[in-house]
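The points below are meant for a colleague who is opening this entry without earlier acquaintance. Please keep the sequence and the 3D view at hand while reading.

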Number of protein chains: 2
Amino acid sequence: MDLKSLVDSIRSFEGITRKNLIKDVTGLLEETYNIAGRTLLGFGDDASALEIGNNQVILMAADGMWGKLMEADPWWAGYCSVLVNVNDIAAMGGIPIGMTNVLSTQDKDICNQIMDGINEGVKKFGVPMVGGHVHPDAPYNSLDVSITGIMNREDVITSCGAKPGDKVLVAIDLDGVIHPQFHLNWDTTTMKSAQLVQAQIMAMNELAQKHLLSAGKDISNPGTIGTLGMLLETSNAGATVELELIPRNTDVNWEDWLKLYPGAGFVLTAEEDNVEEVVKILEKVNISTAVVGSIISDKKLYLTSNGNKEVVFDFYSDKITGIHDEKP
Amino acid sequence: MDLKSLVDSIRSFEGITRKNLIKDVTGLLEETYNIAGRTLLGFGDDASALEIGNNQVILMAADGMWGKLMEADPWWAGYCSVLVNVNDIAAMGGIPIGMTNVLSTQDKDICNQIMDGINEGVKKFGVPMVGGHVHPDAPYNSLDVSITGIMNREDVITSCGAKPGDKVLVAIDLDGVIHPQFHLNWDTTTMKSAQLVQAQIMAMNELAQKHLLSAGKDISNPGTIGTLGMLLETSNAGATVELELIPRNTDVNWEDWLKLYPGAGFVLTAEEDNVEEVVKILEKVNISTAVVGSIISDKKLYLTSNGNKEVVFDFYSDKITGIHDEKP
C-alpha cells in the first residue's frame with residue numbers, strides 16, 4: 001500500500017470519524033463543567049481532573065463498550081471495560097482507585113460472561129469494580145464503566161501540552177496477539193502476569209512524577225495516528241512523523257497496525273533532553289518506545305515514508321473531536 | 001385501602017422486585033471487589049467508599065436512567081441523572097465532586113434535550129459533568145451517569161449500621177409536585193433555588209460530620225418502605241414503623257406516597273439522644289423529619305396503623321437485594 005492510500009484509509013477510518021460528534025455533545029456542557037471551580041481539566045483528555053485539596057486531584061473517566069463487542073464476545077467486552085478505563089487513568093499518569101458499572105441485559109448467560117471478564121480484568125489490573133447499577137429489563141445488552149483515579153496536581157499528564165520542538169514518541173507493547181474476532185484489538189495483557197501489566201500502568205505514573213513528558217494520550221479506538229491527531233488538536237499544534245520509525249510487530253501490516261487498539265499503547269511528547277529516560281522507563285516494562293517525529297507549529301500532521309510526504313490531518317480545516325486546549 | 005392491601009401492594013411493587021437480581025450480579029464480583037485493599041464499603045450502600053489516605057475516602061456510585069424515562073421525557077432523564085447520583089453521595093454524608101456519563105443516541109434532538117436537562121441539574125446541584133463517552137451509533141437511547149464524592153473516613157454514613165433500639169426516621173421534602181408523566185416522581189427541586197437544594201445536600205454532610213446517625217439511605221426507586229427494607233437487610237435487623245408517623249404531603253395517597261421517588265428523601269436511624277438534633281438540622285433546610293418507629297433484632301419489617309399490624313418483609317425468608325452487612 002502506498003503512503004497516499006494509507007493516509008486516505010486512516011482519514012476515513014470509523015474509529016476516527018465517530019469522534020466527530022464529541023464536540024457537539026461536550027459543547028453543550030461547556031457552560032457548567034467548571035461550576036464548582038474544581039475542574040482542572042475537562043473534555044479532551046483521557047480523564048478529567050478535579051481538585052480535592054492536599055495538592056491532589058481525582059481523575060474521572062467513563063467508557064461504553066461497543067455493541068459489536070458485546071454481541072460477539074461478552075467476556076472480552078467485560079475484560080476490555082476494565083482495560084480501557086485503567087488505560088485512561090494511566091495516560092494521565094494517575095493511580096486507578098476503583099470502577100463502577102451500569103449493566104443492561106436480560107440474558108443471564110451474557111451477564112455471567114461479562115462479569116467473568118470483568119473479574120479477570122480486575123485481577124489483572126488490580127483495580128476493583130466496587131459498585132454500579134443493573135437494568136435487568138432493558139431490551140438491549142450494554143455495559144458502561146467509569147473509573148476514578150488519584151494523583152498529585154502538578155504531575156498530571158495532559159493532551160494539551162505539546163509544544164513545537166518537542167519529540168513525538170510512540171510507545172506500544174509489541175508482544176501480543178490479534179483478537180480472533182476483532183482484527184483491530186491488539187491483546188497484550190491476557191497472556192501476561194498481573195505484576196507486569198500493573199508495572200506498565202505504574203511506569204506512566206513514574207513518567208508523571210518525574211515530569212518527563214509535555215503531553216500524552218493512550219492509543220484507543222482511533223488508533224496510533226488518530227490518537228496523535230487528537231493530541232495535536234487539543235494542543236493546537238502539528239507534527240511530522242516518519243512511518244517506519246513507529247514501533248510495530250511485523251506480523252501485522254501497517255494499515256491494520258495504525259488502526260488497532262493496543263493493550264498498552266501511548267502517544268507521548270517530550271523535550272529532547274528527557275527522551276532517553278522516557279524510553280528507558282517504558283522499555284523496562286516491555287513497552288517498545290521510539291521517537292517517531294517532532295511537534296511543529298504548522299497545525300498539520302504530516303506522515304513521511306521513503307521520501308514521500310502526505311498530510312493526514314490539516315487542523316486549519318479538519319476536525320477530529322473539535323476540542324482545543326481544554327483548560328477551563 | 002386497608003393496611004393488608006397496602007402491604008401487598010408494596011411487596012409486589014416493581015421498584016422493589018427489580019432489585020432482586022442485584023445479588024446475582026454483585027455476588028459474581030465478591031471475590032475481587034477489595035483486590036487493592038482500599039475498599040471500605042462495597043455493594044449494598046448508595047455509594048462505595050475507597051480509602052485514599054489522609055484519613056479520606058472517595059465515594060463512587062453509578063446510575064442508569066430507566067428506558068421509560070428516556071423515551072417519555074429526555075430533559076427529565078438528564079436532570080434526574082444528576083439528582084439521583086448527587087443523592088447517592090448525600091446519603092453517605094459525602095461531598096459530591098464530579099460526574100461522568102455515557103450517552104447512547106442517534107437522535108440529535110433527544111441528545112440536546114438530555115444535555116439541557118443535565119445542564120439544569122448541574123446548575124441546581126452545583127456538581128459538574130466533566131467527561132464521558134458518546135455512542136453516536138447505538139440502536140437505542142440510554143444514559144448512564146457515575147459520580148465521585150469525597151469525605152472523611154470516620155464520618156461515612158452506611159446502610160449497615162442500624163442497631164436494635166435505634167429510632168427510625170423518615171426525612172422528606174414535602175414541598176413538591178408529582179411529575180406530569182411519572183406519577184411516582186416527587187419533584188421537589190426544579191422549583192427551588194440552587195442555594196436551598198445544595199443546602200439540603202450539605203445538611204447530610206453536617207449529620208455525617210457530627211456522627212448523629214447510625215445508618216442512612218436515600219429513598220429511591222423502591223420508595224420509602226422498600227428503601228427502609230434494603231437498609232434493614234444490609235444491617236441484619238428489623239423494624240416496627242407506624243404508618244401515620246411518616247411525613248407525607250396529603251395531596252398524595254398513601255399507596256403512591258410510599259412508592260414514590262422524592263427529590264430529597266432519606267431513611268435514617270439514630271440513637272434516641274441524637275434524634276432532636278437530626279430533626280433540627282434537616283428541618284432547617286425544608287426536609288420534614290419524624291421518628292416513625294424503632295429498630296428491633298427480630299429481622300422483620302412491621303408496619304402498624306390504627307392498631308393493625310402487618311409484616312412487610314420477613315428477612316428470614318424474603319430478600320430484596322440479598323446483600324447483608326457489606327463490609328469487606
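**Notes on domains and charged pairs**

1. Across the interface of domain 1 and domain 2 of chain A, one salt bridge is found by the rule applied here. The model is a predicted one, which should be kept in mind throughout. The side chains of A:Lys217 and A:Asp46 meet in a salt bridge, with N and O 3.6 Å apart. Between domain 1 and domain 2 of chain A there are also 14 residue pairs in polar contact, with both residues of a pair at pLDDT 80 or more.

2. On the side of domain 1 of chain A that touches domain 2 of chain A, the elements giving two or more residues are strand 9 (185–187), helix 7 (194–209), strand 10 (215–218) and strand 12 (261–262) of chain A. Helix 7 of chain A provides the largest share of that side, namely eight residues.

3. The bounds of these two parts deserve a look, since the domain assignment gives domain 1 of chain A as 3–18 + 157–314 and domain 2 of chain A as 33–154. Their centres, taken over C-alpha atoms, are separated by 22 Å, and 32 residues of domain 1 of chain A are in contact with 30 residues of domain 2 of chain A. The area buried between the two domains is about 2,500 Å², and carbon and sulfur atoms give 56% of this area. Of the area that domain 1 of chain A buries against domain 2 of chain A, A:Phe182, A:Ile201 and A:Asp218 supply 19%, more than any other three residues.

4. A database record can be set beside this assignment: an unreviewed UniProt entry carries the annotation "domain: PurM-like C-terminal" for residues 163–304 of chain A. The end C-alpha atoms of that span lie 20 Å apart, and the span is 31% helix and 30% strand.

5. Which residue of chain B forms a salt bridge with B:Arg11? The partner is B:Asp318, and the closest N and O atoms of the pair are 2.7 Å apart. B:Asp318 lies in the segment after strand 16 (308–314) of chain B and B:Arg11 in helix 1 (residues 3–11) of chain B, so the pair ties together parts that are 307 residues apart in sequence. B:Arg11 is partly exposed, at a relative accessible area of 35%.

6. Chain B also has a salt bridge between the side chains of B:Lys217 and B:Asp46, at 3.5 Å from N to O. This pair links distant parts of the chain, 171 residues apart, with B:Lys217 in strand 10 (residues 215–218) of chain B and B:Asp46 in the loop between strand 1 (39–41) and strand 2 (48–53) of chain B. B:Lys217 counts as buried because its relative accessibility is 5%, and B:Asp46 is buried as well, with a relative accessible area of 11%.

7. Within helix 9 (residues 254–259) of chain A, A:Glu255 and A:Lys259 are four residues apart, about one turn of the helix, and their side chains meet in a salt bridge at 3.3 Å, N to O. A:Glu255 is partly exposed at 25% relative accessible area, whereas A:Lys259 is buried at 13%. Over all chains, the count comes to 20 salt bridges.

8. Finally, A:Asp63 is placed in strand 3 (residues 56–64) of chain A and counts as buried because its relative accessibility is 12%. Leaving aside residues up to four places away in sequence, A:Asp63 touches residues including A:Val84, A:Asn85, A:Asp88, B:Val102 and B:His133.

Methods. Residues are numbered from 1 along each chain as its sequence is written. Chains are lettered from A and ligands numbered from 1 in the order in which they are written. This is a predicted model: local features need pLDDT of at least 70, side-chain atom pairs count only at pLDDT 80 or more; totals for chains, interfaces and linings use all residues. Side-chain values use heavy atoms; hydrogens and water are left out. A salt bridge is a side-chain nitrogen of Lys or Arg within 4 Å of a carboxyl oxygen of Asp or Glu. Buried means under 20% relative accessible area, exposed over 50%, partly exposed in between (1.4 Å probe, protein chains only). UniProt positions are given in the numbering used here, feature names are shortened, and annotations may be inferred rather than shown by experiment. Contact means heavy atoms within 4.5 Å. Domain bounds come from an automatic or database domain assignment. Buried area is the accessible area (1.4 Å probe) that two parts lose on being put together, summed over both. A polar contact is a pair of N or O atoms within 3.5 Å; within protein, one must be able to donate a hydrogen and the other to accept it, and residues adjacent in sequence count only if both atoms are side-chain atoms.
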